[in-house]
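Work through these exercises with the structure open beside you. Try each task before you read its solution.

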Amino acid sequence: MTPVSRGRSSWIAIAVVVVLAGLAPLVFTNFFVSVILTKALWLGLAAASLIFLSAYGGMVSLAQVGLYGVGGMVYANLVLADGGLAAAWNPWLATVAALLIATAVGFGFGAIAGRSEGIYFLMITLAFSVLVYYFFSQVTQLAGFGGVNNLDLPGLVGNPGLDGTSLYYVTLVVSVVVFLGLRYASRTPFGLALQGLRDEPARMRALGFDVTTHRVLAFTLAAFVAAIAGVLSVWYNRRISPGSINLEQTINILIIAVVGGLYRLEGAWVGGLVYALLDNYSRDWTPEIGNVLGPDRFNTIIGVVFLIIVLLSPGGLVGLWERVSDRVERGRPTVGPGAEGPPQQALSSEVP
Amino acid sequence: MRARKLMALAGATLALGLVAGCGSDDDDEPSGGGTATEESTPAEGGGEAIKVAVLSDCEGAFGSFFEPTVSGFNQALIDAAGAKPAGQKPSDGLEGATIGGKEIEIVSYGCSNDTADKAIEETRRLMEQEDADILVGPLSGDEGIAVANYAKEHPDKTFINGIAGAQDSTLKVQAPNFFRFHPDGAQWSAGLGDHAYNTLGWKTAAIIGDDYSFPYTSLAGFVAEFCAIGGDVTKRVWAPLGEKDYSSYISQIPKDVDGIYVGIGGAGLISFIKQYKQQVGKVDTERMMGNVFWDDPLVLKEVGKDLVGGTTSAMTAADDDSTEVKEYIANLKTSYGDEIAGAGPSVFTYGYYTAGRALAKALESVNGDIADQAKLQEALSSTELSGDEAPWGDVTLDENHQAISNVFVKKIVADKTGDGVPDVQTFARIPDVDQTFGGVFSPDTPPPDRENPKCKKGTPPPWVGNTEKVNFGG
């Protein structure tokens, strides 16, 4: 298969998925559209910001939940609400402010974290998320543990608690734009340089690239995407509390990214959908096994599925899909994982 | 080649659709007992089942209260609707519950984790996906406020609080279809301020609690009463719910106060008591009071020995030897055995029990007809519980659908019954405690939080100096 036809088929695949997703509200109940699909989309956005950094920049960041928390909290404080500052701004103005502030905070975080790599980068970004959590827990003028409730939302999304369709379409459109935008960004000279310094930072430096600046800018771009996810998450929940952005959520986003596939952007939304489905339905499906599994046993299912996916395919569900479709096309097993995969997967398999 | 790939893609999408499809009208396998009904349209008379969902916490700081809360609700239907346990564990469900000829189907026992976000997601799952008509729950303060707000937006469904004790969910939100048949956190603290100031002679006190709406409410009750009489609260310390390391919070508690009121709950209380003992040397219970968690059977079992001598209060009293209470505990034992019956005096079990009894009584009065839920809601707002419906004392509702009921003031004493677990000695009863504390709290006062209510002298609540002395079994 030539690269051209692969490119064209991927466009067709995207179009098919988007059209089907657009038809979803006609098929599914309001509950499903809202609690499963909309949630999967904004979780996917948050995971996409992580996957972008990981796939193209080689940076596995745990700060994304902290950053979307900043976005969500800024929005929550600026609009009319119970708790927080309740500044009663216009929701759109608050949205813009939330995106700008969270992106700026992301730039600041990036400037600090961008100099470290590997496990140190992971730890420092984890610290950012925990910092954001405690900041909003302790500064009760802005949130406190009770959080900010009953947020005022833009008229465009209506009341998602009663009819989630408009919020679903908004989230869908934003997801598609972000997906295409990040894909485009990865093919610009900036994105190519980023991939270069992911694989060979020393050589890139020798060639005259400013490694740290590139990493900081990539982190800032990802912070912007995370901020969008944050604003959409508070539109979806109509509240935000430190409990929405705690360590558990940080781990959830990482799980979503890994389940979907850390090497491909579309994996973010696949992971989001799988997570939303499991989190909702496993509560009813999971059998009881005597007294071995307690009432919170559905967590076991999520954990087991996570393990199976990671063991079967380091590239997550999307990686699994690629292996299967390659096999279907060629009618014989692949030589090895990533041997003829997309360029970024082949490259990133060398990243520790 | 490409066609094959697209075929595979279409196949995958179809598979996904199937998964989603069976989820979108997922009433074919309810996790709770009861028989599933084919129809999912809201009741239109006839023999259709009344769908009830129960929401509790099975994760987080209160996860251990899941089965006790469920047992409380189930026991109410066992007592009042002829139901039978469908299994050994309360969450196995019920069978054969009927009221007014209508079957009561428990569609699911929802599991939240003490956050408002999860409580709402679970509420949506239960009400919109499982299509329940009535929700009984939730368990924790912030969840309760969120569910009350959800109720306001869904007037065609009915909500009865489980055991969430934040003041706001009734006093501030005032949803016409949200009912609470147990006292809130502040009401549970009634009598403690009086006892501290007038009996124990405290002039100054410090308070420490979990940093969210229920302890705010719980400690507000103490502050309002203690300060109105003339006491002074000099320090308020707040720790995150479910904190593991309380050392920095314990060191913030001043040494120069006459007493400490502890509002830490759930799993955190056990860590707090253990760490307090290590850090300060001993738990000086004679100058400590605790909120509703202190004499909870699950807590007494874990750290009860360290709490002997402490004072606490709530709407239940384990040592109450009235026939109704004995019968209630015996019935729980018949249904679910010793362990669950042991947790019978827990407010968690009892809150869900009174919710269930109130629901059964209101359904009875509308003869099981919930085609128009406004009728059921009207019936609920005038429902009063007495006798075996509320073993620890009559319950009536005020205009905000908030219970007015008894509160007991108790002391934790060394084991009397020989089971190795310390016991409770009740010494006072305060009848008919209302949510406003005789006017201190109103819809216009700031909601209880880290700083509110302010500590100031004023008109004490009506029960100060008027508590009834009791001595069960004495």
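**Exercise 1. What share of the contacts in chain A between residues at least 6 apart in sequence join residues at least 24 apart?**

Step 1. Fix the term: two residues are in contact if their C-beta atoms, placed from the backbone, lie within 7 Å.
Step 2. Keep the chain A pairs at least 6 apart in sequence; 75% of these contacts join residues at least 24 apart.
Step 3. Add the setting. The model is predicted, local features need pLDDT of at least 70, side-chain atom pairs count only at pLDDT 80 or more, and totals for chains, interfaces and linings use all residues. Residues are numbered from 1 along each chain as its sequence is written, while chains are lettered from A and ligands numbered from 1 in the order in which they are written.

**Exercise 2. How many helices and strands does chain A have?**

Step 1. Helices (H or I, at least four residues) and strands (E, at least two) are DSSP runs, numbered from the N terminus.
Step 2. Chain A has 14 helices and zero strands.
Step 3. Now burial. A residue is buried if 20 or more other C-beta atoms lie within 10 Å of its own, exposed if 12 or fewer, and partly exposed in between, with C-beta atoms placed from the backbone. In chain A, 50% of the 352 residues are buried.

**Exercise 3. Where does H12(B) bend?**

Step 1. The bend at a residue is the angle between axes fitted to the seven residues ending there and the seven starting there.
Step 2. At B:Tyr336, H12(B) bends by about 135°.
Step 3. B:Tyr336 is one of the buried residues of H12(B). These buried residues pack against helix H2 (66-80), strand S2 (84-85) and helix H11 (297-307) of chain B.

**Exercise 4. Describe how H2(B) and H12(B) cross.**

Step 1. The two axes come within 10 Å and cross at roughly 165°. Axes are lines fitted to C-alpha atoms, for helices over the stretch in contact, and angles run from 0 to 180 degrees between N-to-C directions.
Step 2. The helices are therefore roughly antiparallel (angles over 145 degrees count as such, under 35 as roughly parallel, 65 to 115 as roughly perpendicular and the rest as oblique).
Step 3. Residues making the contact include B:Ser71 and B:Ile78 of H2(B), and B:Leu332 and B:Tyr336 of H12(B).

**Exercise 5. Is B:Phe437 buried or exposed?**

Step 1. B:Phe437 sits in the loop between S16 and S17 of chain B.
Step 2. Its phi is positive, about 55°, although B:Phe437 is not a glycine.
Step 3. B:Phe437 has 25 C-beta neighbours inside 10 Å, so B:Phe437 counts as buried.
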